[in-house]
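Student: I have a model open at the bench. Can we go through what its labels rest on?

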Amino acid sequence: METVPRFFRAGPSPQVRLFFFALLSILLMVMDARFSSFAGMRQTVGMILYPLQRLAYIPATLFDQAEELINDFHLTKEIANLRQQYFLNQQKLFRLQILEEENAQLRKLLGAAQQAEIKAIMAEILYVPRDPFNRKVILNKGSSSEIKAGQVVVDDQGVIGQITQVHPFLSEVTLITDKGHSVPVQVARNGLRSIISGAGKNNELELRYLSVNADIEQGDLLVTSGIGGLYPPGLPVARVENIEHDPSRDFAVIMCTPIAGVNRNRQVLILSLSAPIPEHPEEESPEEAPKHTTQQGRRSRAP
């Protein structure tokens, strides 16, 4: 009789074994849930399997880190592009602000030219001196634009200076703050005439040769008097800032602030020269005056 090898001998049927192991599992779960019989064993098994668990997570961890590195690289590149775009936009914004300010300044100059009713040429300041004590600027208009020495330069608020040198395509303006420059002015409140001169400093003028009892107050507006024929009358020049009355001096020390933006604006107006006035008659010397008077007396006595 042929016998079946032990390896191929069939045990209980699969259904019986399934039922047995299912019943055993349920029994173990009930015992663990009710009596915590396997907590220590489960903890021990967990500690033994923890290194294997960490090893199993290594590929997934490496994949996540590589993905974060790629994302960081893209983010860094995007931030660099956004920062570059931000700087470009900032420069465009600055240029727009400058253009807006220039546009407003040009509108004011146009309004000032119409109010002055004087022929004017618009010019732009090209150069300013590097020497802080030099009060001269260079404009982009010269003799080719019919600019002549002596013309007055103003902005939308008042007098800036006077053309002192003319080149074919450039002209030099001496600012009213220059120490050697003077402008005949009068007080707008009462018409008191005087001469204002530059103090050689920014934003500072000096009103000279006014007696200590002159009728002038702090805050008075000084305008051009028109005397001399160089400056048209009525142009704002300065405002009185401080008055000092020193009894030891014959004249008061009066400091003023220019009305115009001498150091601010870039666009200016060059006013045309006023109509020439008759020349000042020569003053007679003290020796000639009696002779002239005597001759006039003889002529008056003659029949």
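Tutor: Start with Ile-125. Ile-125 touches Val-137, Ile-138, Leu-139, Asn-265, Arg-266 and Val-268, leaving aside residues up to four places away in sequence. The model is predicted: local features need pLDDT of at least 70, side-chain atom pairs count only at pLDDT 80 or more, and totals for chains, interfaces and linings use all residues. Residues are numbered from 1 along each chain as its sequence is written, and side-chain values use heavy atoms, with hydrogens and water left out.

Student: What makes these residues contacts of Ile-125?

Tutor: Contact means heavy atoms within 4.5 Å. Val-137 is on the list. The C-alpha atoms of Ile-125 and Val-137 are separated by 6.8 Å, and the two residues are twelve apart along the chain.

Student: Why is Ile-125 called buried?

Tutor: Its relative accessibility is 14%. Buried means under 20% relative accessible area, exposed over 50%, partly exposed in between (1.4 Å probe, protein chains only). So Ile-125 counts as buried. Ile-125 lies in strand E1, residues 120–127 (strands are DSSP runs of E, at least two residues; helices are H or I, at least four; both are numbered from the N terminus).

Student: And why does Leu-62 count as exposed?

Tutor: Leu-62 has 52% relative accessibility, so Leu-62 counts as exposed. Leu-62 is found in helix H2, residues 39–116.

Student: How do you know that strands E10 and E11 pair?

Tutor: Pairing takes at least two bridges found by DSSP. E10 (residues 236–244) and E11 (residues 253–258) are joined by six bridges, so they pair, running antiparallel. Ile-243 has Ile-254 in E11 as its bridge partner.
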